[in-house]
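These are my notebook entries on a structure that is new to me. I record below what I looked up, entry by entry.

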Amino acid sequence: MKTNEKVLLELKKLGLMPEVHEDNIFFKYQMLSYLYLNDAEDEDYYAMYLPYVYEVTEDNEYEILKAVNECNNTMKSVKLVNNDGHVWIGYELRLPADADLSEIVEHTVRGLYGAKMKFDMEMKGL
């Protein structure tokens, strides 16, 4: 079974309703839109994101960079980046041969959600 098929199965086990478009998986959790990017060339690569979390403009770029930096310095495994004018929150890793995707998928979904909450708190504090 391919990695994206395993991820899809685990998301369904969590009671989420994922949809597949062009081999990528989209789903919602706590009203946030998630994206699992499939890399058909590299089955050991795992990448899940909360895309387009916040728009970056000239007016807010400094504040966003401060909030992103604070989140990245305090959170493990989850990273925030400015991707083409929007904050994305991502979790990427190289899967070991014995990877337990049930644990990894659940940890990722909750970790990304926690990172979004942390980012929101940092933005409110600025």
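Is Phe119 buried or exposed? I looked up its relative accessible area, which is 0%, and Phe119 is therefore buried. I note at the outset that the model is a predicted one.

**Entry 1: aromatic pairs**

I next turned to the aromatic rings and found that the structure holds eight aromatic pairs. In one of them, Tyr29 and Tyr113, the ring centres are 5.7 Å apart and the planes stand at 85 degrees, so I entered the pair as edge-to-face. Tyr29 belongs to strand β2 (residues 24–29) and Tyr113 to helix α3 (residues 101–125), so this pair ties together parts that are 84 residues apart in sequence. I read a relative accessibility of 17% for Tyr29, which counts as buried because the cut-off is under 20%. Tyr113, at 24%, is partly exposed.

I then examined Tyr54 and Phe119, another edge-to-face pair, with 5.7 Å from centre to centre and 75 degrees between the planes. This pair also links distant parts of the chain, since Tyr54 is in strand β4 and Phe119 in helix α3, 65 residues apart. Tyr54 has a relative accessible area of 33% and is partly exposed, whereas Phe119 is buried.

Which residues do ring pairs link into a cluster? I listed Phe27, Tyr29, Tyr34 and Tyr113.

**Entry 2: salt bridges**

I found five salt bridges in the structure and followed up some of them. Glu10 and Lys13 meet through their side chains, at 3.4 Å from N to O. Both lie in helix α1 (residues 3–13), three residues apart, or about one turn of the helix. I checked the accessibility of each partner: Glu10 is buried at 12%, while Lys13 counts as exposed at 59%.

In helix α3 I looked up Arg110, which forms a salt bridge with Glu106, the closest N and O atoms being 3.1 Å apart. Because they are four residues apart in this helix, about one helical turn separates them. Both partners count as partly exposed, Arg110 at 49% and Glu106 at 31%.

I also recorded the salt bridge between Glu122 and Lys118, whose closest N and O atoms are 2.9 Å apart. These two are likewise four residues apart in helix α3, so about one helical turn lies between them.

**Entry 3: a contact between helices**

From Glu122 I went on to Ala67, 55 residues away in sequence but 5.3 Å away in space, C-alpha to C-alpha. Ala67 is placed in helix α2, and its relative accessibility of 0% makes it buried.

**Entry 4: charge on the surface**

Where do negative charges gather? I noted a surface patch made up of Glu58, Asp59, Glu61 and Glu63. Glu58 sits in the loop between β4 (45–55) and α2 (61–74) and is exposed, at 79% relative accessibility.

**Entry 5: backbone angles**

Last, I looked up positive phi angles. Tyr52 is not a glycine, yet its phi is positive, at about 50 degrees. Tyr52 is in strand β4 and is exposed, with a relative accessible area of 55%. Asp84, again not a glycine, has a positive phi of about 50 degrees. I located Asp84 in the loop between β5 (79–83) and β6 (86–94), where its relative accessibility of 73% counts as exposed.

Technical notes: Residues numbered from 1 in each chain as written. Predicted model: local features only at pLDDT ≥ 70, side-chain atom pairs only at ≥ 80, totals over all residues. Heavy atoms only, no water. Patch = residues over 30% accessible without salt bridge, like charges linked within 9 Å, V, L, I, M, F, W, Y side chains within 5 Å. Areas by Shrake-Rupley, 256 points an atom, 1.4 Å probe, with all protein chains shown as cover. Salt bridge = Lys/Arg side-chain N within 4 Å of Asp/Glu carboxyl O. Lys, Arg positive; Asp, Glu negative; His and termini not counted. Charge placed at Lys NZ, Arg CZ, Asp CG, Glu CD. Buried < 20%, exposed > 50% of the residue type's maximum accessible area, 1.4 Å probe, protein only. Phe/Tyr/Trp six-rings, centres within 6.5 Å; stacked < 30°, edge-to-face > 60°.
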